[in-house]
Amino acid sequence: KQEQYRKLKTQPAVTKDGVDITLQINAGLFVDLPNLDETNASGIGLFRTELQFMVAQHMPTTAEQQALYGAVLAAANGRPVTFRTLDIGGDKVLPYMERVEEENPALGWRAIRIGLDKPRLLRAQVRALLRAGAGYDMKIMLPMVATVNEFLRARLIVRRELAVLERDGRPAPSSLQLGVMVEVPSLLFELPEIAREADFLSIGTNDLMQFLFAADRENRRVSDRFDPLCAAGLRALRAIIDEADKAGCPVTVCGEMGGKPIEALALIALGYRSFSMSAASVGPVKAMLRTLDAGKARQRLDAWLAASDGAASLRPLLGALAAEM
Ligand code: PEP
Ligand code: MG
């Protein structure tokens, strides 16, 4: 298998019926960068900036953040990097930050919620990103956004920092795209608006499925209880891609789902064309998609969903389809 994946490395990520698929990797520390060359992925679709904060003994300064982001962009060597702003809080506690006890940390004060309540923290990070991004096409995305209003408020902060950078005569990014993680189900009921306002969407299936099914992703008693490949999970994912396509808004799937071959097959059948995954998943997913007839998969999935009979999962049907290809 490993040998097979190595051989595929230089082969394009194209389905059997000629559909181009973008495969990027998830990363979070500078040591992850060699994975770009090792997988031959086209970029980093999710850079988890909280990792630097979690391994540090003190709050990283703006200069320290800028140094890391700059080094990542340089090492990516022209390939795009999508930086996600801090996704801390909940279970990701920083030893040097005030600790808040919460009954339900996953539903608590975390990610963009902290960023909006403590704008100095978000502003400092955005400043570090914009400075490091001088001369680059920058992509920044915001985690755990629950409403379009939160996105608009965060965008205001980003735009102000960009204005400050330009006012001070500092070199700016060549372009800036501001995207949003779709991982809180409430956003599914504001899809036309978010697809219009955001420059791109990135689906965090880990959190999206946790919240959709109200099943803690860390609690083994319930984490596997609901298969995302059931009618509810697939229809939620279909609603996102359909609205994004309608609005012409690019979408990437950056949650673990995209890195599993059967799940990736289902996502391609739904219309997804861009994925970001752990480096180890690139080989297996590429091997799957190169044998896939995306058009046929779409027809099958549409028919199964239309005739949904309350099955716990479409996984057996999708598995059989994968074996048939
Ligand atoms: C997700 O929620 O799917 C995601 C990609 O983000 P994280 O796993 O870091 O929460
Ligand atoms: Mg998440």
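# Exercises on a predicted model

With 28 C-beta neighbours inside 10 Å, A198 counts as buried. The model used in these exercises is predicted.

**Exercise 1. Describe the surroundings of A198, starting from its place in the chain.**

Step 1. A198 belongs to the loop between α8 (191–197) and β6 (200–203).

Step 2. A residue is buried if 20 or more other C-beta atoms lie within 10 Å of its own. A198 has 28 such neighbours, and therefore it is classed as buried.

Step 3. Once its neighbours within four places in sequence are set aside, A198 is in contact with F151, L178, G179, V180 and C249.

Step 4. One of these partners is F151. Although 47 residues separate A198 and F151 in sequence, their C-alpha atoms are 8.0 Å apart in space.

**Exercise 2. Determine whether V285 is buried or exposed, and list its contacts.**

Step 1. V285 is part of helix α13 (residues 282–289).

Step 2. V285 has 24 C-beta neighbours inside 10 Å, so it counts as buried.

Step 3. Beyond its neighbours within four places in sequence, V285 is in contact with L23, G259, P261, A264, F275 and M277.

Step 4. For the pair V285 and G310, the separation is 25 residues in sequence and 28 Å in space, C-alpha to C-alpha.

**Exercise 3. Find how the axes of helix α12 and helix α15 cross, and which residues meet.**

Step 1. Two packed helices are described by the angle between their axes and the distance between the axes.

Step 2. The axes of α12 (residues 261–270) and α15 (residues 315–324) come within 10 Å, and they cross at roughly 90 degrees. Because of this angle, α12 is roughly perpendicular to α15.

Step 3. From α12, the residues P261, I262, L265 and A266 meet R315, L318, G319 and A322 of α15.

Step 4. Sorted by class, this contact of α12 with α15 has six nonpolar residues, one polar and one charged.

**Exercise 4. Check the span of helix α11 and name its buried residues.**

Step 1. Helix α11 (residues 231–247) has 17 residues, and at 1.5 Å a residue it should span 24 Å.

Step 2. The end C-alpha atoms of α11 are 24 Å apart, which agrees with the expected span.

Step 3. The buried residues in α11 are G233, L234, L237, I240, E243 and A244.

Step 4. Just after α11 comes G248, with a positive phi of about 65 degrees.

**Exercise 5. Compile the shell of residues around ligand 1.**

Step 1. Around ligand 1 are L46, R48, D87, E183, G204, T205, N206, D207, C254 and G255.

Step 2. Two elements, β2 (44–48) and α9 (205–212), give two or more residues to this shell.

Step 3. The largest share of the shell around ligand 1 is that of α9, with three residues.

Step 4. By class, the shell around ligand 1 has four charged, four polar and two nonpolar residues.

**Exercise 6. Give the phi of N77 and of A214, and place each residue.**

Step 1. Most residues other than glycine have a negative phi.

Step 2. N77 is not a glycine, yet its phi is positive, about 55 degrees. N77 sits in the loop between α4 (62–76) and β3 (81–84). With 9 C-beta neighbours inside 10 Å, N77 counts as exposed.

Step 3. A214 is not a glycine either, and its phi is positive, about 50 degrees. The loop between α9 and α10 (220–223) holds A214. Its 10 other C-beta atoms within 10 Å are why A214 is exposed.

Technical notes. Residues numbered from 1 in each chain as written. Chains lettered and ligands numbered in written order. Predicted model: local features only at pLDDT ≥ 70, side-chain atom pairs only at ≥ 80, totals over all residues. Axes fitted to C-alpha atoms, helices over the stretch in contact; angles between N-to-C directions. Helix = DSSP H or I, 4+ residues; strand = E, 2+ residues; numbered from the N terminus. Parallel < 35°, antiparallel > 145°, perpendicular 65-115°, else oblique. Contact = placed C-beta atoms within 7 Å. Nonpolar A, V, L, I, M, F, W, Y, C, P; charged D, E, K, R; others polar. Near = placed C-beta within 6 Å. Expected span 1.5 Å × (residues − 1). Buried ≥ 20, exposed ≤ 12 C-beta atoms within 10 Å, placed from the backbone.
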